[in-house]
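This report walks through selected side-chain contacts, one helix and one sheet, and is meant to be read alongside the coordinates.

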Amino acid sequence: MFRLAWRRSLSKSSCVEHARLPTVVSSRARPAQQNTGANFFTSPGLTAHPPSSRSPLLQLRSAYFVSSPVFMSMASGGESSSSTPHKHTNRLAKEMSPYLLQHAHNPVDWYPWGQDAFDKAKAEDKPIFLSVGYSTCHWCHVMERESFEDEEIGKILSDNFVCIKLDREERPDVDKVYMTFVQATSGGGGWPMSVWLTPDLRPFIGGTYFPPRDHRGRPGLKTVLNRIMDQWQNNRAALESSGERILEALKKGTAIDASPGESPPLAPDIAKRCFQQLAHSYEEEYGGFREAPKFPSPVNLMFLMTYWSVNRSTSEGVEALQMALHTLRMMALGGIHDHVSQGFHRYSTDSSWHVPHFEKMLYDQAQLAVAYINASQVSGEQIFADVAKDILLYVSRDLSDESGGFYSAEDADSIPASGGTEKREGAFCVWSASEVRELLHDVVEGATGSATQADIFMHHYGVKEQGNVAPEQDPHGELQGQNVLIVRYSVELTAAHFGISIEKVQEVLASARAKMAEVRKSRPRPHLDTKMLASWNGLMLSAFARVGAVLGDKALLDRGVKAGNFLKEHLWDAERQTILRSCYRGDQMEVQQISPPISGFLDDYSFIICGLLDLYEATLQTEWLEWAEELQLRQDVLFFDEQGGGYFCSNPSDNTVLLQLKEDQDGAEPSGNSVSASNLLRLSHYTGRQEWVQRSQQLLAAFSERLTRVPIALPEMVRALMAHHYTLKQIVICGQREAPDTVGLLAAVNSLFLPHKVLMLNTKDADGFLAQRLPTLSSMTQQGGAATAYVCQNFTCSPPVTDPQELRRLLLDGVTETQES
């Protein structure tokens with residue numbers, strides 16, 4: 001019981017999205033749990049330079065190790081509810097990031113990340129205090145209330161340091177550099193992140209959350225600041241030297257390079273090892289990976305379905321599919337799924353997916369929508385398609401901007417409907433039994449014992465009079481007497497229990513959920529982060545395109561097209577040929593941009609390119625292919641490492657970023673390199689650019705050591721490796737896009753889970769994008785005036801087919817042949 005309480009306490013005390021561990025950690029460092037679902041230690045790629053016995057780092061060891069209990073997970077908070085006039089206003093008031101604006105009235109002389117702060121630090125020869133977080137991070141706001149709103153601490157910070165506040169979602173490049181340092185020196189990381197730098201931006205001390213003052217032998221922020229000030233004055237050379245040694249070690253240890261002529265590892269071997277590592281961490285009863293806290297981990301689920309697709313007749317393939325489908329099913333039934341207002345919360349604090357951390361992130365919705373629609377293709381079960389639509393309904397309603405963009409996140413905490421000023425986690429989402437009974441009081445005709453709507457609803461969703469959250473899952477008492485809805489019985493069992501038809505139960509439950517959704521509208525809403533990020537919008541573009549294509553849903557496809565247009569209009573600088581990282585919702589609901597805007601990073605390019613390829617396959621409008629090719633060419637110029645292979649996370653020409661990193665983990669989001677490996681292969685089939693096949697192989701070779709040792713860290717990259725091995729099928733449809741016979745062939749393709757394919761429409765337009773790049777398309781024509789499909793692989797094409805069922809059989813037979821070859 002104590003362990004469970006401790007887990008939930010931790011889930012409220014740091015970032016849910018744990019910082020990804022770097023490849024290099026010191027020999028004494030223990031890694032935080034990773035979102036891959038693996039519980040493994042990363043092997044040191046070097047002997048890190050731990051502080052020597054004479055190092056000032058050791059004298060401050062208690063300062064930066066104080067963060068160690070706080071790096072398991074992240075919770076969320078929101079803005080202050082106070083309406084009183086502000087006593088202080090700092091320069092963050094001119095920023096547009098919701099996170100920076102939340103700190104605009106601290107008694108701290110905050111600077112945003114930029115040259116003004118760097119110049120001040122150099123001119124005054126002061127150390128920099130860098131504080132990193134984001135707007136839905138609970139303990140970021142705890143540290144703000146406790147420390148950054150404290151007048152005494154604010155004065156110490158302002159007088160002795162140049163204080164920089166950074167939104168990690170705006171500047172992931174800067175965040176990754178200093179998180180790598182924190183992880184390597186303390187063994188864990190998370191947000192809020194606190195790092196002290198020299199005026200030339202080199203870190204020398206780092207940690208996460210600090211309490212304001214000493215507590216139970218744990219040094220508070222005031223003590224830490226005073227120690228750093230003393231060391232800066234009296235032992236600066238040794239302080240800087242220790243930090244410099246660690247930074248240089250990290251530069252060597254985080255390098256990811258391919259040797260000249262090196263080939264990628266063998267895909268079947270790597271895929272099997274990835275499956276075995278996932279199977280080892282799989283939790284059989286409720287699905288998912290590890291006990292608790294439990295994360296959705298869409299990259300794992302996508303790998304498992306892909307692994308099954310090429311191993312259908314093996315026991316391991318069947319097991320992989322069972323693991324994915326069972327996890328998705330249990331998540332859909334669990335409290336992590338919002339049964340009233342749709343979408344998924346960030347993660348579950350228990351092993352049964354019941355009590356979530358209530359934050360909702362855009363990137364989770366995007367990836368889960370794709371995972372669920374793929375599960376529907378694989379299984380034919382309607383529940384998975386319904387959940388995919390359910391997710392997109394939530395995003396369309398609550399995370400969508402009028403311009404077509406998507407907002408970043410909804411907070412976990414909000415003011416309870418009963419009143420008060422203190423926000424509580426889940427207040428917007430949970431229900432007391434009395435609320436349910438009062439709202440759903442109508443007697444259901446024909447039900448046993450004159451049962452009411454409430455009786456049926458409470459039975460089905462596990463609502464209890466005393467609340468259904470165990471005390472060990474609620475150590476802060478925020479959910480006392482409240483219920484988190486979780487499906488406890490099938491519709492069939494609920495119908496049998498009350499002696500009514502299945503249809504009647506479905507009608508009662510749907511009516512009840514609609515009434516409860518109306519009640520939710522009157523509750524104080526959680527904080528909404530209206531920042532629109534290019535990368536996450538790219539992920540969401542893929543979701544609308546892929547779900548819309550599978551379901552043949554024009555409204556979803558139209559929303560995808562609107563998102564594509566938004567990206568091109570608001571996050572693409574055509575003059576500079578640059579993706580922009582973010583834009584913002586203004587006071588009048590207009591889209592605004594900061595000046596100068598932040599240039600995009602690798603994730604922004606790779607996720608958008610993937611989204612554009614998915615949008616092309618869904619709409620077959622070549623304008624999206626053309627832009628994808630343009631963006632890939634630009635990505636190659638900005639980020640590709642010509643010597644070592646692979647892509648840097650940020651532009652190497654930015655001299656304010658001290659480490660040039662290549663992300664080597666697929667976690668809450670896939671890494672930009674993993675997505676790029678697939679993008680390059682797919683684009684080569686659309687453009688005829690064979691150099692992109694070679695570039696993709698070079699990328700995979702650069703990550704060979706990581707893929708071979710711990711493929712569970714890179715399941716999305718393993719999928720790209722598999723695509724090279726099994727080769728992509730080119731499915732060419734000759735016909736007119738809107739013609740019924742063409743639509744029939746496309747529906748046959750979209751009904752199947754085919755992870756190793758590219759789909760294209762061949763029209764009579766000889767000057768079209770595809771015709772210019774792929775001369776062989778001219779030999780593929782309609783047969784007998786009917787829409788015709790060709791399936792090509794390894795430079796060999798099948799005989800043309802015009803019947804959708806015949807095409808479906810051909811594609812399924814091809815899967816079997818690939819598997820057995």
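## Aromatic rings, charges, a helix and a sheet

In this predicted model, the structure holds 23 aromatic pairs. One of them joins Phe295 and Tyr347 in a stacked arrangement, with 5.0 Å from centre to centre and 25° between the planes. That pair links distant parts of the chain, since Phe295 belongs to the loop between helix 11 and helix 12 while Tyr347 belongs to strand 6 (residues 347-348), the two being 52 residues apart. Phe295 and Tyr347 are both buried. Elsewhere, ring pairs connect Trp110, Phe129, Phe148, Trp196 and Phe210 into a cluster.

Rings also take part in contacts with charged groups. The charged end of Arg168 is placed over the ring of Trp191, at 3.9 Å from its centre, and Arg559 lies over the face of Phe544, at 5.8 Å from the ring centre.

### Salt bridges

Side chains of opposite charge can pair when their charged atoms come close. The count for this model comes to 52 salt bridges, and the table gives three of them, with the distance between nitrogen and oxygen and the separation along the chain.

| Salt bridge | N to O distance | Separation in sequence |
|---|---|---|
| Glu410 and Arg525 | 2.7 Å | 115 residues |
| Arg695 and Glu642 | 3.3 Å | 53 residues |
| Arg706 and Asp664 | 3.6 Å | 42 residues |

Where do the partners Glu410 and Arg525 lie? Glu410 is in strand 9 (residues 409-410) and Arg525 is in the loop between helix 19 (502-521) and strand 12 (528-529), so the salt bridge ties together parts that are 115 residues apart in sequence. Glu410 counts as buried because its relative accessibility is 6%, under the 20% cut-off, whereas Arg525, with a relative accessible area of 43%, is partly exposed.

In the salt bridge between Arg695 and Glu642, the closest N and O atoms are 3.3 Å apart. Arg695 is part of helix 25 (residues 690-702), and Glu642 sits in the loop between helix 23 (622-639) and helix 24 (672-687). At 17% relative accessibility, Arg695 counts as buried.

The side chains of Arg706 and Asp664 meet in a further salt bridge. Arg706 lies in helix 26 (residues 704-709) and Asp664 in the loop between helix 23 and helix 24, so this pair ties together parts that are 42 residues apart in sequence. Both Arg706 and Asp664 are buried. Salt bridges that share partners also join Arg546, Asp614, Glu617, Arg682 and Lys757 into one network.

### Helix 13

Helix 13 (residues 315-333) has 19 residues and spans 27 Å from its first C-alpha to its last, close to the 27 Å expected at 1.5 Å a residue. Its buried residues include Gly317, Ala320, Leu321, Ala324, Leu325, Leu328 and Met331, along with His326 and Thr327. Among the elements that cover the buried residues of helix 13 are helix 11 (267-281), helix 12 (298-309), helix 14 (362-379) and helix 15 (382-398).

### A mixed sheet

Four strands form an open sheet in the order 19-18-20-21, with mixed pairing. Strand 19 (757-762) and strand 21 (796-797) are the edge strands, each pairing on one side only. Strand 18 (residues 729-734) and strand 19 pair in the parallel sense over six bridges, and Lys729 stands opposite Lys757 in strand 19. Lys757 is also one of the members of the salt-bridge network with Arg546, Asp614, Glu617 and Arg682.

Key: Residues numbered from 1 in each chain as written. Predicted model: local features only at pLDDT ≥ 70, side-chain atom pairs only at ≥ 80, totals over all residues. Heavy atoms only, no water. Expected span 1.5 Å × (residues − 1). Buried < 20%, exposed > 50% of the residue type's maximum accessible area, 1.4 Å probe, protein only. Contact = heavy atoms within 4.5 Å. Phe/Tyr/Trp six-rings, centres within 6.5 Å; stacked < 30°, edge-to-face > 60°. Lys NZ or Arg CZ within 6 Å of the ring centre and 35° of its normal. Salt bridge = Lys/Arg side-chain N within 4 Å of Asp/Glu carboxyl O. Pairing = 2+ DSSP bridges.
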